[in-house]
Amino acid sequence: MTASGCRTMGAFLAELEQNHETRQTCELLMTVSISRFFRDRRLWETLEKTLLPDIIQRRSEKISVWSAGCACGDEVYSFMIVRDRLSKTCSHLPGFEVTGTDLNPAYLQRARAGIYSAASLKELTPEIRSEYFSQKPGKKVFQVKDSLKKDISWRIHHLLSDPPGRDFDIVFLRNSVLTYYEEKLKKRAFEKVLSRLAPGGILIIGSHESIPFETSDLAGVEAYPYVFRRATEK
Ligand SMILES: C[S@@+](CC[C@H](N)C(=O)[O-])C[C@H]1O[C@@H](n2cnc3c(N)ncnc32)[C@H](O)[C@@H]1O
């Protein structure tokens with residue numbers, strides 16, 4: 001508030017109303033980057049054991065994945081770890097196109113660098129940790145292996161604007177707009193995301209979140225109240 005030259009809350013609210021730049025700065029300051037690898041560990045086990053093998057079996061062309069509100073990339077690299085593990089057991093693995101988006105460019109810069117604290121890795125087994133990360137000498141930070149960075153594109157994107165692609169086979173929309181936005185904006189953002197999920201595609205929301213409106217277009221998957229499959233026909 002003081003950085004924008006306002007002395008009272010009233011003046012600041014008026015400034016927010018009138019000045020797009022102040023609004024944008026404020027929005028970035030309010031973003032929360034908390035995340036970690038394999039957050040909701042059971043979900044990632046199911047992704048590796050059934051959800052992804054299922055998609056792989058039905059597809060020969062590229063599989064496209066969107067992590068919307070990816071913060072510093074933990075979710076995206078978690079997916080790449082699952083993909084890599086499956087590449088060792090699947091006889092044919094199609095190509096992948098993975099898009100990580102966030103409105104905060106500073107988070108995306110950190111995602112590109114792929115350097116994480118031990119806290120971000122706490123859900124990982126020691127085997128996964130040593131296979132996919134190297135520890136910076138003398139430091140308590142871990143760097144993802146370069147091989148995991150292949151096929152990822154990182155893009156700045158606001159979830160109230162047009163999505164960065166179409167026909168995604170898997171969309172992660174976890175712990176962002178569905179937690180932090182008011183109802184009206186949740187619905188607007190969610191409609192946009194849903195419109196770009198391929199028929200039969202999988203949508204994963206946060207484990208404490210819910211779909212903001214009734215829709216027959218999505219059906220629950222397995223025992224998870226936060227994993228959905230889009231109907232194949234409308
Ligand atoms: C708490 S993190 C969640 C990261 C990851 N999806 C997870 O579940 O671990 C929320 C992220 O959503 C981003 N975010 C919030 N509102 C957004 C919006 N309108 N458009 C794009 N990203 C947004 C924030 O910048 C932040 O990086």
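This passage describes the salt bridges, pockets, aromatic pairs and unusual backbone angles of a predicted model.

A good place to begin is with the charged side chains. Side chains of opposite charge can pair when their charged atoms come close. The structure holds 15 salt bridges. One of them joins the side chains of Arg41 and Glu123, with 3.3 Å from N to O. Arg41 belongs to helix 3 (residues 41–58), while Glu123 sits in the loop between strand 3 (115–117) and helix 6 (126–132), so this salt bridge ties together parts of the chain that are 82 residues apart in sequence. The two partners can also be placed by their accessibility: Arg41 is partly exposed, with a relative accessible area of 39%, whereas Glu123 counts as buried at 16%. The pair does not stand alone, since a network of salt bridges links Arg36, Arg41 and Glu123.

A further salt bridge is formed by Asp162 and Lys192, whose closest N and O atoms are 3.5 Å apart. Here Asp162 is found in the loop between strand 6 (152–156) and strand 7 (168–173), and Lys192 is found in helix 8 (residues 183–195), so the pair ties together parts that are 30 residues apart in sequence. Asp162 is exposed, with a relative accessible area of 53%, and Lys192 is partly exposed at 25%.

Helix 8 also holds a salt bridge within itself. Glu183 and Lys186 are three residues apart in this helix, and are therefore separated by about one helical turn. Their closest N and O atoms are 3.3 Å apart. Glu183 is partly exposed, at 43% relative accessibility, whereas Lys186 is buried, at 15%.

Attention can now turn to the pockets. The largest pocket has a volume of about 1100 Å³. It is lined by 38 residues, of which Glu27, Thr31, Leu103, His158 and Tyr181 are the closest to its centre. Helix 1 (9–18), helix 2 (20–30), helix 5 (105–113), helix 7 (177–180) and helix 8 are the elements that each give two or more residues to this lining. The largest share comes from helix 2, with seven residues. Sorted by class, the lining of the largest pocket has 19 nonpolar, 10 polar and nine charged residues.

The second largest pocket has a volume of about 200 Å³. Helix 3 gives the largest share of its lining, five residues. Both partners of a salt bridge described above, Arg41 and Glu123, are among the residues that line this second pocket. Also in the lining are Phe38, Trp44, Glu45, Glu48, Lys49, Arg85, Leu124, Thr125 and Ile128. By class, the lining of the second largest pocket has four nonpolar residues, one polar residue and six charged residues.

Aromatic side chains add another set of contacts. The structure holds 11 aromatic pairs. In one of these, the ring centres of Phe190 and Phe213 lie 5.5 Å apart and their planes are at 80°, so the pair is edge-to-face. Phe190 is in helix 8 and Phe213 is in the loop between strand 8 (197–205) and strand 9 (218–221), which makes this a link between distant parts of the chain, 23 residues apart. Phe190 is buried, with a relative accessible area of 0%, whereas Phe213 is partly exposed, at 22%. Elsewhere, ring pairs connect Phe37, Tyr77, Tyr116, Phe133 and Trp154 into a cluster. An aromatic ring also meets a charged side chain: Arg129 lies over the face of Phe142, at 5.5 Å from the ring centre.

Finally, two residues draw the eye for their backbone angles. Ala71 has a phi near 50°, a positive value in a residue other than glycine. Ala71 is located in the loop between strand 1 (63–68) and helix 4 (74–87), and is buried, with a relative accessible area of 6%. Asn175 is not a glycine either, yet its phi is positive, at about 60°. Asn175 is placed in the loop between strand 7 and helix 7.

Terms used:
Residues are numbered from 1 along each chain as its sequence is written. This is a predicted model: local features need pLDDT of at least 70, side-chain atom pairs count only at pLDDT 80 or more; totals for chains, interfaces and linings use all residues. Side-chain values use heavy atoms; hydrogens and water are left out. A salt bridge is a side-chain nitrogen of Lys or Arg within 4 Å of a carboxyl oxygen of Asp or Glu. Helices (H or I, at least four residues) and strands (E, at least two) are DSSP runs, numbered from the N terminus. Buried means under 20% relative accessible area, exposed over 50%, partly exposed in between (1.4 Å probe, protein chains only). On a 1 Å grid over the protein atoms alone, a cavity is a set of points where a 1.4 Å probe fits but cannot get out, and a pocket is an open set with protein on both sides within 12 Å along at least five of seven lines; lining residues have an atom within 4 Å of a point. Grid points are joined across faces, edges and corners, and a volume is the space filled by probe spheres set on the points. Ala, Val, Leu, Ile, Met, Phe, Trp, Tyr, Cys and Pro count as nonpolar, Asp, Glu, Lys and Arg as charged, and the others, Gly among them, as polar. Rings of Phe, Tyr and Trp (its six-membered ring) pair if their centres lie within 6.5 Å; planes under 30 degrees apart count as stacked, over 60 as edge-to-face and the rest as tilted. A charge sits over a ring if NZ of Lys or CZ of Arg is within 6 Å of the ring centre and within 35 degrees of the ring normal.
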